[in-house]
Amino acid sequence: MGKWTRRAFITTGVLTGGALVLGVAIRPGNRARKVKGMIAGEGETVMNIWLKIALDNTITVIVPHAEMGQGTHTTLPMMLADEMDADWNKVHMMEAPGNKEYANYALAKGFTIGDKDFPSFLIDTVDGVYLTITKQMGLQMTGGSSSVRFTGNLAMRIAGAAAKAVLLQAAADRWEVPLEELEAKNSYITHPASNRSEPFISFAPQAVELSQPAKPKLKTPEEFTLMGTSLTRFDVPAKVDGSAGFGIDVSLPEMKYAAIKAAPVFGAKLKTVDDSEIVNMRGVHKIVRLDNAVAVVADGYWIAKTALDKVKVTFEETGNETVDQKGIYAQYVRDMEASLAGGDEEKDINKGDAEAALKNSGQVVEGEYRVPYLAHATMEPMNCTAHVTADQCEIWVGCQNPLGFANSIAELLHMEPDQVQVHNQYLGGGFGRRFVDDVALQAVHIAKEADCPVKLIWSREEDMRHDFYREANISRFKAALDSEGKILAWNNQYLFKHEPPEAPHIPYDVANQSIHYAMSETHVPWGYWRSVDSSMHGFFTESFIDELAHHAKKDPFEFRRDQLSNAPRFLKVLELAAEKADWGAALPENWGRGISLHQCFGTIVAQVVEVEVLEDGVKVHRVVCAADPGFAFHPDGFEAQMESGIIYGLTAALYGEITIDQGAVVQSNFHDYQMVRMDESPKIETYIINSGHYPGGAGEPSTPGIAPALTNAIFNATGLRIRELPVKNHTLRPSEKILG
Amino acid sequence: MILKVNDKNHEVEADPATPLLWVIREQCGLTGTKFGCGIGQCGACTVQMDGVAVRSCLTPLQAAVDKEITTIEGIASGTALHALQQAWIEEQVPQCGYCQSGQIMSAHALLANNASPTDDDIDQAMSGNICRCGTYSRIKKGIKKAAAELALTSTTKIENNG
Ligand code: FES
Ligand code: FES
């Protein structure tokens, strides 16, 4: 199997497995013995692949996810420790080695089946299938807001509860007392009747011989002691004194530094390289020609970079040298119209008869929306350190998918995946960008030719211009309102589909819906960008809903509220946001208020934004965010993720725009790909509803709703409907209502 | 060339035009100072030169010789964290953490000049530092907390001395 994508995986998973599961983390087979060599220190007992106990009774939780600021390295151990009744003060965390035994099939199940239940008699077969698939796919990734939802809920909790179950059994056997008389607490097992108490470790060697239950009894939320509390994060102290090790900080003996310049036009191959000016330059070690790029290896990064600037490079023509943004949009429109006329579109939702309802309705509203390409712009530019010898390759990198990286490097070097070792480091931001192995493959190639360890660092310009972009898109709507101002029919056409599949769906009561999409390939590389398809559909659907409210002469909040009779969870979230934001209260002149409601990766989020329109732009004063993630396992961390996702989405809404000209990206650094800074950052209030539904994500769900809430607020303040992002391209006029 | 960083002399060898950032990271081995943009836009590379916050990606090595350089590794006293670092932990400020050395160094320079900054002062002083994870509100809380803590300790000191 080649490179995996989450979508490809889902297809494979569904085809092979047929359907869904809940539970089971330690099956199939206890892999504790297999992983012992990888994770155990002196005297430690490996209970199952996710945890080990040391002689001093400290427990180490093995976490198969990268830490990129979302708190995974703390929340997952909390989930395990709580189910195990471990003493939190004696719990440590260790990131799982990038090894196929750690292929995380809880994720596979999660992505395929989410929260569905599954007949237990099939579990062995299905788990076997999942484990095989995950190993094949090299699935040990961080993203899709998945760690708590799937690894936490489908692996960590079960591993903790199962370990506790066998420890209790071992104690019952040794003390010859009934199991029910025993208690586990603070990493001890006690038998109150006889006043005996011993640490977990004293039963561990016997316990590990027992077979661990695949479906141990889990705690109910009332029994949680750690889950649902905001414990301090393990990774924070190292992030305040400069000691946290990011990929870019790695240092090896004999290491050299590399700078790289790739073809500005995606897909172009290297044609000529004139390095005459630098061949004899002091400190320059080697000039490496890659397929589509040239790199300089030198004693220091600055030498490499300045030398690279002196190399004259030309690239082959690809035929895309004349592609520009206007042309891309023109192509989009052509393809949308052609596929509509030709009837070769993909159907997303087709219920009732939208066409007939639109034809017969008195009031039809239409709207077209556009969003631009977006770059990830992680704070830490792409980088990777590699060391290649005859029979081994090691890399040091912060990545969201270590097994995937190992597999593709093995393929490049004609090695077995076992010969490739990925040392994952802290990620200076991921947001989906660090799924892609491009920089690692370059580093390996360069290090192999340079014959020494090499740290490759991309300049910010390289990072901005060689990203995998959130695509530009167009979404067209046509809706019919009935005489009471309710939505009778909803027709929506857009381009492309990745995930989550429900991104373009609306929660409102609309009997007649036709949602469909076309394709329109370009040469611009696509990648997962925080909240993926929701990052655009949130803006599209929630803006158009607002337009409908306006045409129905209804208040935008009430218009939504009155059409949620089939979506009680959505309704609660919406009402909470409106209540906390004091919806309806008077605002100063030139201020406006806007609302949005969107579900993303299992978490429902409503946002109310307050803006002030000024002579020179817009000031976002306040964001009220209500969210139902099912259960917030770490409320403070959840709140931090809501804030983070809002600033990320606000940056995109106000400024985010990557444009293509002459086949290449125009923007290059933070001066022309602007970020929201502290002076523009609004007050954000987050309110959480623990509804008890299956847990949703935290890292992504707040990003989609900020753009529509913002532009709806601008409409409220000015009467100007923004149908194309970013906001910076529009002239806003205070105190002059243009009705749109 | 001798470069004095965090009260320690480092023998370094580089073209005098090399940005201080790369010398600190690669030759002094102090990697807490980060590269973010290289053009003075993001603040990830912020260090202090004679107490003034500067962007080390734009500061040539030659301008730093004979100066006292302070980096994130140099603001704690021994094992006792600086009030800002302590506040950062209490407020759980960092997410990915990559920008935070620069944020703390900018905040440190701010508090040296202004012991009780207002929200506007903080906005002004900190807007050269980008945080892609959007931790701005927590940074602000952290600065206020540290300012309060520093005010408290300095009053206690005065009282003790008096
Ligand atoms: S790296 Fe110096 S300001 Fe960005
Ligand atoms: S914490 Fe990630 S960039 Fe600031």
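This report walks through the contacts between chains A and B, the two domains of chain B, the salt bridges, one loop residue and the cysteines. The model is a predicted one.

## Where chain B meets chain A

Put chains A and B together and about 4200 Å² gets buried between them, with 58% of that on carbon and sulfur atoms. The contact draws on 57 residues of chain A and 46 residues of chain B. On the chain B side, the residues that lose the most area to chain A are B:Q95, B:R132 and B:Y136, which together make up 20% of what that side buries.

There is plenty of polar chemistry here too: 25 residue pairs are in polar contact between chain B and chain A, both residues of each pair being at pLDDT 80 or more. The elements of chain B that give two or more residues to this side are helix 1 (20-27), helix 3 (83-90), helix 4 (100-113), helix 5 (119-126) and helix 6 (136-161). Helix 6 of chain B gives the most, with five residues. As for charged pairs, five salt bridges cross the interface of chain B and chain A. The side chains of A:D636 and B:R138 form a salt bridge, with N and O 3.1 Å apart.

## Inside chain B: two domains

The domain assignment splits chain B into domain 1 (2-74) and domain 2 (83-161). Their contact takes 15 residues from domain 1 of chain B and 12 residues from domain 2 of chain B. Measuring over C-alpha atoms, the centres of these two domains of chain B are 21 Å apart.

Between them, domain 1 and domain 2 of chain B bury about 1100 Å², and 54% of it is on carbon and sulfur atoms. On the side of domain 1 of chain B that touches domain 2, the elements giving two or more residues are strand 3 (46-49) and strand 4 (52-55) of chain B. What about salt bridges across this domain interface of chain B? The rule finds zero. Polar contacts do turn up, with seven residue pairs across the same interface, both residues at pLDDT 80 or more.

## Salt bridges within chain A

Over all chains, the salt bridge count comes to 40. One of them pairs A:R157 with A:E83, whose closest N and O atoms are 2.8 Å apart. A:R157 sits in helix 6 (residues 147-175) of chain A and A:E83 in helix 3 (residues 72-84) of chain A, so this pair ties together parts that are 74 residues apart in sequence. Both ends are tucked away: A:R157 is buried at a relative accessible area of 8%, and A:E83 is buried at 1%.

A:R433 and A:D438 also meet through their side chains in a salt bridge, at 2.8 Å from N to O. Both A:R433 and A:D438 are buried. Then there is A:E610 with A:R622, where the closest N and O atoms are 3.2 Å apart. A:E610 belongs to strand 23 (residues 603-614) of chain A and A:R622 to strand 24 (residues 617-628) of chain A, so the bridge links parts 12 residues apart in sequence. A:E610 counts as buried at 8% relative accessibility, and A:R622 does too at 19%. The pair belongs to a wider group: salt bridges with shared partners join A:R593, A:E610, A:R622, A:K683 and A:E685 into one network.

## A loop residue: A:Q425

A:Q425 is in the loop between strand 17 (420-424) and helix 12 (438-450) of chain A. Is this residue buried or exposed? At 17% relative accessibility, A:Q425 counts as buried.

The side chain of A:Q425 reaches the backbone oxygen of A:H423 at 3.1 Å. Setting aside neighbours within four places in sequence, A:Q425 is in contact with A:G245, A:F246, A:G247, A:V250, A:W396, A:V397 and A:G398.

## The cysteines

How many disulfides are there over all chains? The count is zero. Take A:C399: the closest cysteine sulfur, in A:C384, is 8.6 Å from its own sulfur, which is too far for a bond, given that a disulfide needs the sulfur atoms within 2.5 Å.

A:C399 is buried, with a relative accessible area of 0%. In chain B, B:C57 is buried as well, with a relative accessible area of 8%.

Conventions. Residues are numbered from 1 along each chain as its sequence is written. Chains are lettered from A and ligands numbered from 1 in the order in which they are written. This is a predicted model: local features need pLDDT of at least 70, side-chain atom pairs count only at pLDDT 80 or more; totals for chains, interfaces and linings use all residues. Side-chain values use heavy atoms; hydrogens and water are left out. Buried means under 20% relative accessible area, exposed over 50%, partly exposed in between (1.4 Å probe, protein chains only). Domain bounds come from an automatic or database domain assignment. Contact means heavy atoms within 4.5 Å. Buried area is the accessible area (1.4 Å probe) that two parts lose on being put together, summed over both. A salt bridge is a side-chain nitrogen of Lys or Arg within 4 Å of a carboxyl oxygen of Asp or Glu. A polar contact is a pair of N or O atoms within 3.5 Å; within protein, one must be able to donate a hydrogen and the other to accept it, and residues adjacent in sequence count only if both atoms are side-chain atoms. Helices (H or I, at least four residues) and strands (E, at least two) are DSSP runs, numbered from the N terminus.
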